[in-house]
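Biologist: I am new to this structure and would like to learn how to read it. Could you walk me through some of its features?

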Amino acid sequence: MSTREEPEREKEKREKTATEEEPEPTQTLFSSYKMGKWELSHRVVMAPMTRCRALNGIPNQALLVYYTQRATDGGGLISEGTFISPTAIGFPHCPGIYTEEQVEAWKKIVDSVHARGAIFFCQLWHAGRASHHVYQPDSVAPISSTNRAISNRWKILLPDGSYAEFSEPRALDTSGIHEIVDQYRRAAVSAIQAGFDGVEVHAAYGYLIDQFLKDGINDRGDEYGGSLKNRCRFLMQVVRAIVPAIGADRVGVRISPMLYHQDAADSNPMALGLAVVEGLNEVERDTGIKLSYLHIQAGTHSGGRGELETQLLRMVRNAYRGTLIVNGGYTRELGMNAVVEGDADLVSYGRLFISNPDLVHRFKVNAPLDRYESATFCTHDPVVGYSDYPSLDEHNEA
Ligand SMILES: Cc1cc2nc3c(=O)[nH]c(=O)nc-3n(C[C@H](O)[C@H](O)[C@H](O)COP(=O)(O)O)c2cc1C
């Protein structure tokens, strides 16, 4: 698309406002939305969040309570990052989806979330070099696109609660890459066996797939490095392996082209975002079926969104024809604006969902929100800082 060309959606918006005086918004954060086969009853999605309560990698009753509290009839939930294999691990007490025991354990949680009428996607996660050899089978080096470690300005949380420098990784060779692609496929099949409605491929936040996407990390000289197409190859192979296994309409992808987390910098995030979109559009063209969604983190952890992030979102919105979920520092008002203006189909909320289990209801009635306590984001108590945040009703009863 030439930069001088007026984006189609912008044009539609301009024409609409020229003919209608102050039109009532046809879509709001609380209007329904058809995402593939699912009829969502509102646009508020729970973002994936690692909470470290799945002791030894097995989902348990604590997760069941937590997710069920946050499930709404016709609402979308994305699970915390869920490891696809033993080499994927880079955080303590996070769930996996690669053993029978894990799949069986997830079934109970998914059933409980479904009983509330919600749609539940499993986020497939491989930490790549964002790991430490203590997490790795036989204490070997974690895998990545590169042999270079994450710089020591970032630290990794170890199983004993202490922090350390990230381990030096080993760059995957081509056959190693194919093996990991197959692990994603198997994990996706397992997620569907566990009852999840679909999977989200975690290609954000400096984890394995992002380590291939970003030129600040990927220093490969083969067909997985260098050009944008090459850097997107691993992600596209993962998506193309999963799609025939579970169906394109059960596959979402999450990216964060702007986010400099764990050294995940790119020299041209706009071009990277567009290259990913192009690759996904190609998958959709080839399969004739739309993917579930593209989920883009285009803010910062602290909630800031500058001109560049806004531009990126607009470009992605115009280039991607499927369902777009936006994330990163959205408030009720910002989320409402994004949907009303047509800049997003759905808005995902992370931290506000941690401290407000009934966030959707609170947004609807415009009730005050409870503040989250970041000190308990990644502790292991099954209740404290996890499922003990009160709902509005519980506040009123107290
Ligand atoms: C405690 C915590 C854990 C997170 N874990 C994940 C994760 O597992 N996968 C992921 O893609 N993003 C993860 N994120 C990022 C969130 O999904 C989201 O992008 C971020 O919180 C910004 O959205 P917000 O401003 O609505 O909180 C995590 C964020 C927090 C606060």
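Modeller: We will go through some helix pairs, then the cavities, then one loop residue. Please keep in mind that this is a predicted model.

Biologist: Gladly! What describes two packed helices?

Modeller: Two numbers do the job: the angle between the axes and the distance between them. Take helix 2, residues 61-70, and helix 3, residues 100-115: they pack at an angle of about 20 degrees, and their axes are 9 Å apart.

Biologist: Why are helix 2 and helix 3 called roughly parallel?

Modeller: Angles under 35 degrees count as roughly parallel, and the angle for this pair is about 20 degrees, so helix 2 and helix 3 fall in that class. Helix 2 passes helix 3 in a right-handed crossing. On the helix 2 side, the contact is made by Leu63, Leu64, Tyr67 and Thr68, and on the helix 3 side by Trp106, Lys108, Ile109, Ser112 and Val113. Sorted by class, the residues of this contact are six nonpolar, two polar and one charged.

Biologist: At what angle do helix 4 and helix 6 cross?

Modeller: Helix 4 (residues 174-193) and helix 6 (residues 228-246) cross at roughly 35 degrees, and their axes come within 9 Å. Helix 4 passes helix 6 in a right-handed crossing. Helix 4 contributes residues including Ile177, Tyr184 and Ile192 to the contact, while helix 6 offers Phe234, Val238 and Ile242 among others. The class count here is 13 nonpolar, two polar and one charged.

Biologist: Which residues of helix 6 meet helix 7?

Modeller: Among them are Leu228, Lys229, Arg231 and Cys232, and the helix 7 residues they meet as a group include Ala271, Leu272, Glu282 and Asp286. Helix 7 spans residues 269-287, and its axis comes within 10 Å of that of helix 6, with a crossing of roughly 35 degrees. This crossing is right-handed. The contact of helix 6 with helix 7 has twelve nonpolar, two polar and five charged residues.

Biologist: Let's turn to empty space. How is it found?

Modeller: A probe the size of a water molecule is rolled over the atoms, which shows where empty space is left. In this model, the count comes to two cavities of 30 Å³ or more. The largest has a volume of about 70 Å³.

Biologist: Which residues line the largest cavity?

Modeller: Its lining is made of Met35, Leu40, Val45, Gly76, Leu77, Ile78, Ile119, Phe121, Tyr293 and Ile325. Strand 4 (76-83) and strand 5 (119-125) each supply at least two lining residues, and strand 4 gives the largest share, three residues. By class, the lining has nine nonpolar residues, one polar and no charged.

Biologist: Finally, where is Thr50 placed?

Modeller: Thr50 sits in the loop between strand 3 (44-46) and helix 2. Leaving aside its neighbours within four places in sequence, Thr50 is in contact with Glu80, Gly81, Phe91, Cys94, Trp125, Phe377 and Cys378.

Biologist: How far apart are Thr50 and Gly198?

Modeller: In sequence they are 148 residues apart, and in space they are 18 Å apart, C-alpha to C-alpha.

Key:
Residues are numbered from 1 along each chain as its sequence is written. This is a predicted model: local features need pLDDT of at least 70, side-chain atom pairs count only at pLDDT 80 or more; totals for chains, interfaces and linings use all residues. Side-chain values use heavy atoms; hydrogens and water are left out. Axes are lines fitted to C-alpha atoms, for helices over the stretch in contact, and angles run from 0 to 180 degrees between N-to-C directions. Helices (H or I, at least four residues) and strands (E, at least two) are DSSP runs, numbered from the N terminus. Angles under 35 degrees count as roughly parallel, over 145 as roughly antiparallel, 65 to 115 as roughly perpendicular and the rest as oblique. A crossing is left-handed if the near helix is turned anticlockwise from the far one by less than a right angle, and right-handed if clockwise. Contact means heavy atoms within 4.5 Å. Ala, Val, Leu, Ile, Met, Phe, Trp, Tyr, Cys and Pro count as nonpolar, Asp, Glu, Lys and Arg as charged, and the others, Gly among them, as polar. On a 1 Å grid over the protein atoms alone, a cavity is a set of points where a 1.4 Å probe fits but cannot get out, and a pocket is an open set with protein on both sides within 12 Å along at least five of seven lines; lining residues have an atom within 4 Å of a point. Grid points are joined across faces, edges and corners, and a volume is the space filled by probe spheres set on the points.
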